[in-house]
Amino acid sequence: MIMDYEEGDKVKVEKSGVEYEGIVMPSTTGHIIIKMVSGYNAGIEPEGATVTVVQKKSDMEASAKKAVKAEVKPKKGLPKVSILSTGGTIASKIDYRTGAVTSQFSADDILQAIPELTEIANFSGKAIYNILSENMKADYWQELARAVVEEIKNGADGIIIAHGTDTMMYTASALSFMVDTPVPIVFVGSQRSADRPSSDNAMNAICAAKVAVSDIAEVTVVMHSESSDDKCSIHRATKVRKMHTSRRDAFRSINSEPIGYVDYSTGEITTCLSYVKRNEREVALMDSIEPKCALVKFTPGSSPDILGYFIDAGYKGIVVEGTGLGHVSTDWIPQIERATSQRIPVIVTSQCLNGRICDRVYDTGRDILKAGAIEGEDMLPEVALVKMMWTLGQIQNYDDAVDILKQDIRCEINERSLE
């Protein structure tokens, strides 16, 4: 007998002598789809199946509202770390109305879900946003930077920022330019939501907490270093990129080694690069930003009118993602010259990602430089964009801004290539 049930109900399904229990999820195939305690989904053909409702969704919601979360008492001698949540998969779960992963957890929920964190530090939590990272905007970076500085001034020994992975490198890079910090600022995310058996949220968060109480007073991104649960990499914010859509070890340092690694089993940190140490800087906020900057990817045969659009639309800065050593077709060069003659800075980067720009090898490159473009050296295109936005927010004078754009501010430019 099949009782009436709906999405979100907890049910028990019996068929052919096998019993399944879980939460009913949406189905487009006519099968009964449930999310089991293991985190895996099961699809059962309804013919011949018996479904018993164990608990209605409405009753579970009512019980959850009445439940009182266990108070986490501060422990003497532990450092103070602030968790600022912006949303993303690390703070997400399955929405059983739609079957999609949605951002629903607050910073406090993260602590409840990962109690091991309370052995590392005393935490306070604050939700700055509750969005998926594709909805991040430049003015959100400003709000986040201000919240970080406020927490540092209020005595936080470290900051953890829970963030969606898709645009994490943009936000981390932005904060590295916007905040001088005397304490670690650690971005962390998760490739897989907490209710998946292969979730990386707990390990990433625990490793991030270790970095947050360490001596590494920079803006970093801490994520799985390998597909296994062995260690996390500590990536510098201006040198990190998400390089895979779904793997747990999706993040890689580009044109640089990671600052170091966190051994998950021992919590020990080993470092590979020099870094700014705790309390070497005074806290400072430089959050002015110019959002009207563009990142334009050159492709063979693409019209130079693409650049013309941004110039005519009043954009204040343009980053061009060129080919190889930093090239575009010759018919793009007059538009680059038009931009720079109108005091619009143009930075040329490479689609290759690894390696550095050198526009002095071929005639096209030399012509690009004559047109006034800035060589992006070994900067990642998205970092060049964020740096452009930040620089133009700080400095209105064109020549002064160009000077800053050529300088290494936050280790975004290596003096020489590694290879």
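**Reading rings, charges and strands**

Mentor: Let's jump in at Lys239, which counts as buried at 1% relative accessibility. Keep in mind that we're looking at a predicted model.

Trainee: Okay, a lysine. Which side chain does Lys239 meet in a salt bridge?

Mentor: General idea to begin with: side chains of opposite charge can pair when their charged atoms come close. Here Lys239 meets Asp378, with 3.2 Å from N to O. Lys239 sits in the loop between β14 (231-236) and β15 (240-242), and Asp378 in the loop between β23 (374-375) and α9, so the salt bridge ties together parts that are 139 residues apart in sequence.

Trainee: And Asp378, is that buried or exposed?

Mentor: Buried, with a relative accessible area of 2%. The cut-off to remember is that buried means under 20% relative accessible area.

Trainee: How many salt bridges does the structure hold?

Mentor: There are 20. One of them joins Lys387 and Glu412, at 2.7 Å from N to O. That pair links distant parts of the chain, with Lys387 in helix α9 and Glu412 in the segment after α10 (398-406), 25 residues apart. Both Lys387 and Glu412 are buried.

Trainee: What about Glu6? Which residue does Glu6 form a salt bridge with?

Mentor: Lys56, and the closest N and O atoms there are 4.0 Å apart. Again distant parts of the chain are linked: Glu6 is in the segment before β1 (10-15) and Lys56 is in the loop between β5 (50-55) and α1 (57-66), 50 residues apart. Glu6 is partly exposed, at 42% relative accessible area, and Lys56 is partly exposed too, at 29%. Add Asp9 and you get a network of salt bridges linking Glu6, Asp9 and Lys56.

Trainee: Let's switch to rings. What describes a pair of aromatic rings?

Mentor: Two things: the distance of the centres and the angle of the planes. Searching the whole structure turns up five aromatic pairs. Take Phe177 and Trp390, which are stacked, with 5.5 Å centre to centre and 25 degrees between the planes. Phe177 belongs to helix α4 (residues 168-178) and Trp390 to helix α9 (residues 381-394), so this pair ties together parts that are 213 residues apart in sequence. Phe177 is buried, with a relative accessible area of 1%, and Trp390 counts as buried at 10%.

Trainee: How many degrees lie between the planes of Phe298 and Trp332?

Mentor: 90 degrees, which makes that pair edge-to-face, at 5.1 Å centre to centre. Phe298 is in the loop between β20 (293-297) and α6 (305-312), and Trp332 is in the loop between β21 (317-322) and α7 (333-341), so parts that are 34 residues apart in sequence are tied together. Phe298 and Trp332 are both buried. Rings can also group up: Tyr309, Phe310 and Tyr315 form one aromatic cluster.

Trainee: Which lysine lies over the face of Tyr261?

Mentor: Lys231, at 4.3 Å from the ring centre. There's another case at Tyr275, where Lys277 lies over the face of the ring, 4.7 Å from its centre.

Trainee: Since we've landed on Tyr261, how do the side chains along strand β17 point?

Mentor: The general idea is that in a regular strand the side chains alternate between the two faces of the sheet. In β17 (residues 260-263), Gly260 and Val262 point to one face and are buried, while Tyr261 and Asp263 point to the other and are not.

Trainee: Which residues stand opposite Val262?

Mentor: On the β14 side it's Cys232, and on the β18 side it's Ile269. β14 and β17 pair in the antiparallel sense over four bridges. β17 and β18 (residues 269-271) also run antiparallel, joined by three bridges. In the hairpin of β17 and β18, with five residues between the strands, Gly267 takes a positive phi near 80 degrees.

Trainee: Last one, Thr86. What does its side chain reach?

Mentor: The backbone oxygen of Ala162, at 2.8 Å. Thr86 is in strand β6 (residues 80-87) and is buried, with a relative accessible area of 1%. Leaving out residues up to four places away in sequence, Thr86 touches several residues, including Tyr129, Ile131, Met136, Leu144 and His163.

Key: Residues numbered from 1 in each chain as written. Predicted model: local features only at pLDDT ≥ 70, side-chain atom pairs only at ≥ 80, totals over all residues. Heavy atoms only, no water. Phe/Tyr/Trp six-rings, centres within 6.5 Å; stacked < 30°, edge-to-face > 60°. Helix = DSSP H or I, 4+ residues; strand = E, 2+ residues; numbered from the N terminus. Buried < 20%, exposed > 50% of the residue type's maximum accessible area, 1.4 Å probe, protein only. Lys NZ or Arg CZ within 6 Å of the ring centre and 35° of its normal. Polar contact = N/O pair within 3.5 Å; in protein donor to acceptor, adjacent residues only side chain to side chain. Contact = heavy atoms within 4.5 Å. Pairing = 2+ DSSP bridges.
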